[in-house]
Amino acid sequence: PHLGQGGHAYLQEWLWWAGLLCMGIGEAANFAAYAFAPATLVTPLGALSVLVSAVLSSIFLNEQLNVHGKIGCMLSILGSTVMVIHAPQEEEVSSLESMAEKLKDPGFIVFAVCVLVSSLLLIFVAGPRYGQSNVLVYVLVCSAIGSLSVSCVKGLGIALKELFSGKPVLKEPLGWVLLVCLVICISVQINYLNKALDIFNTSVVTPVYYVLFTTAVMTCSAILFKEWQHMVLDNIIGTVSGFLTIVSGIFLLHAFRDMPLPPNLLPLFLQQGRADLHNLWRSADRHHSCQHQPLLPSEDKGSQSTEEEEEEGE
């Protein structure tokens, strides 16, 4: 049965497990990135994976990358470059003790409670009623829980750095709590993302999920690590502009993936140029046909003379 009907038949497919393994390898590299860079920078750059998958699909799966897709790829690269240039500097968190202090911050506690309550309402109240007709229900669950999973990943990255430096991290309960929370969050994300993908088109789910997930992660990271606190106005504008550029590129890449570009959608000056070119071709064809004109009139004259003789004979 389909996921939309409450089934989990995809668990019996080896191809799904192979894809999950490849995703796990990619997320491991993503995990390492969170340990050394701000989450506000790492998460939006995940758009490059969408770009690479689109290019590889056009190469190996013979999927057509139309004009919208190519423009979307260029916008994603441009937005990623702008975000890297104006990336925020996170507040230094170098130990599990400082991470524990961040997690006890009242602002983060309020944010985490709001995320959990809203996720439970979406799952048990909005899901049965609107989950089959509204793409935002399950995608919002994935995005909200995903913001907490990124915080867990950040804390586990700090724990691994301390472990490799020789500190007794395994005796710290915070590391194990973060690990358990991460497993729960990722399980919820995978479950409801697969439900959304089963019910709705991938070209709709992917851009919506990217925008909501990245926005939730950037909000959570700003509250927890105070990444935006010491940023000047230029860097704030650059970061937001880069993020919006990436969003526009992802939207063009996926929302118009299967839409051709008819001539009517071209700008007026291009349509005029196309019409002039068409008229030029028609005049060239006319000129080419005029070269054979001596044959045609002779045949016409012959047929006309034959008709005249017949009329006279009558």
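In the exercises below, Ala, Val, Leu, Ile, Met, Phe, Trp, Tyr, Cys and Pro count as nonpolar, Asp, Glu, Lys and Arg as charged, and the others, Gly among them, as polar. The structure is a predicted model.

**Exercise 1.** Determine which classes of residue line the second largest pocket, and which helices supply them.

*Solution.*
1. The pocket in question has a volume of about 430 Å³.
2. Its lining consists of 18 residues; Leu116, Leu148, Cys152, Cys181 and Cys185 lie nearest the centre.
3. Helix H6 (106–130), helix H7 (136–164) and helix H8 (173–199) are the elements that each give two or more residues to this lining.
4. H8 provides the largest share, 7 residues.
5. Sorted by class, the lining has 16 nonpolar residues, 2 polar residues and no charged ones.

**Exercise 2.** Compare the expected span of helix H4 (residues 67–85) with the distance between its end C-alpha atoms, and establish where its buried residues lie.

*Solution.*
1. H4 has 19 residues, which at 1.5 Å a residue should span 27 Å; the end C-alpha atoms are 27 Å apart, so the two values agree.
2. Buried means under 20% relative accessible area. In H4 this applies to His68, Gly69, Gly72, Cys73, Ser76, Gly79, Ser80 and Met83.
3. Viewed down the axis of H4, these buried residues fall within an arc of 140°, and therefore they line one face of the helix.
4. Met74 and Ile85, on the other side of H4, are exposed.

**Exercise 3.** Describe the secondary structure of two spans that UniProt annotates as "transmembrane region".

*Solution.*
1. The unreviewed UniProt entry gives this annotation to several spans, including 108–129 and 174–192.
2. Residues 108–129 are 100% helix and 0% strand, with end C-alpha atoms 30 Å apart.
3. Residues 174–192 are likewise 100% helix and 0% strand, and their end C-alpha atoms lie 27 Å apart.

Terms used
Residues numbered from 1 in each chain as written. Predicted model: local features only at pLDDT ≥ 70, side-chain atom pairs only at ≥ 80, totals over all residues. Heavy atoms only, no water. UniProt positions renumbered as here; feature names shortened; annotations may be inferred. Helix = DSSP H or I, 4+ residues; strand = E, 2+ residues; numbered from the N terminus. Expected span 1.5 Å × (residues − 1). Buried < 20%, exposed > 50% of the residue type's maximum accessible area, 1.4 Å probe, protein only. Arc of directions from axis to C-beta. 1 Å grid on protein atoms, 1.4 Å probe; cavity = no way out; pocket = protein on both sides within 12 Å on 5 of 7 lines; lining within 4 Å. Points joined across faces, edges and corners; volume = space filled by probe spheres on them.
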